[in-house]
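Biologist: Before we discuss any detail, please show me the model, and then let us go through it question by question.

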Amino acid sequence: MSKVFVQGSYDILNAGHVRSFADLKSKYDYVIVGLNSDELMMEHKGRVIIPFEQRKEILLALKNVDEVIKCDSAYAIDYVKPLGVDAFATVREWTERQKEVIDWVSSQGGQIVLLTYYPDDGVTLRSSQIRARVIEGGK
């Protein structure tokens, strides 16, 4: 069984994320999503819109996601090594930050998957604008 690992916040999940999971599932038998914890998000983004448990529930409801694990570290290497995956998926912007895991997976004969950017994913508002409009009732 081939396994792939991808890590992110998915706060707020959009069509581009869903398409990426579908792309991964078409190539691998088992898709593992490393979901950044609320604490990690606060450290790196300074905010959480949808709490971890709800984001996890949403991801597990998707047919192309097989497992969701909690990530308290931004370094995917902390999760990829013990999981024994065949591939690591990331976006091009994160390749420098994830160099250690990319090098390790490659050295083990695994594959690196650069996720497609979908410019029509429907996201036209920044998360801060969404929070103001939807969650806090602003305009």
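Biologist: At what distance from the ring centre of W94 does R97 lie?

Modeller: Please keep in mind that this is a predicted model, in which local features need pLDDT of at least 70 and side-chain atom pairs count only at pLDDT 80 or more, while totals for chains, interfaces and linings use all residues. Residues are numbered from 1 along each chain as its sequence is written, and side-chain values use heavy atoms, with hydrogens and water left out. A charge sits over a ring if NZ of Lys or CZ of Arg is within 6 Å of the ring centre and within 35 degrees of the ring normal. R97 lies over the face of W94, and its distance from the ring centre is 3.9 Å.

Biologist: Over the ring of which residue does the charged end of K70 sit?

Modeller: The distance to the ring centre is 5.2 Å here. The ring beneath the charged end of K70 is that of F52.

Biologist: Which residues do ring pairs link into a cluster?

Modeller: The structure holds three aromatic pairs (rings of Phe, Tyr and Trp, the last by its six-membered ring, with centres within 6.5 Å; planes under 30 degrees apart count as stacked, over 60 as edge-to-face and the rest as tilted). The rings of F5 and Y79 have centres 6.3 Å apart and planes at 20°, so this pair is stacked, and F5 and F88 are likewise stacked, at 6.5 Å centre to centre and 20° between the planes. F5 lies in strand β1 and F88 in strand β4, so their pair ties together parts 83 residues apart in sequence, where helices (H or I, at least four residues) and strands (E, at least two) are DSSP runs numbered from the N terminus. The cluster linked by ring pairs consists of F5, Y79 and F88.

Biologist: Are F5 and F88 buried or exposed?

Modeller: Buried means under 20% relative accessible area, exposed over 50% and partly exposed in between, with a 1.4 Å probe and protein chains only. By that criterion, both F5 and F88 are buried.

Biologist: Which element supplies the largest share of the largest nonpolar core?

Modeller: A nonpolar core is a set of buried Ala, Val, Leu, Ile, Met, Phe, Trp, Tyr and Cys residues joined through side-chain atoms within 4.5 Å. The largest one has 17 residues, and those with the most contacts inside it are V6, L24 and V33. At least two residues each come from β1, α1 (15-27), β2 (30-36), α3 (52-60) and β4. The largest share, three residues, is supplied by β2.

Biologist: Which elements do the buried residues of α5 pack against?

Modeller: In helix α5 (residues 99-107) the buried residues are V101, I102 and V105. Seen down the axis, they fall within an arc of 100° (taken from the directions from the helix axis to the C-beta atoms), so they line one face of the helix. The face turned away from this buried side carries the exposed residues E100 and S107. The buried residues pack against α4 (77-83), β4 (87-90) and β5 (111-114).

Biologist: Which residues is V85 in contact with, leaving aside its neighbours within four places in sequence?

Modeller: V85 is found in the loop between α4 and β4, and V85 counts as buried at 11% relative accessibility. Contact means heavy atoms within 4.5 Å. With those sequence neighbours left aside, the contacts of V85 are K3, V4, F5, I32 and V80.
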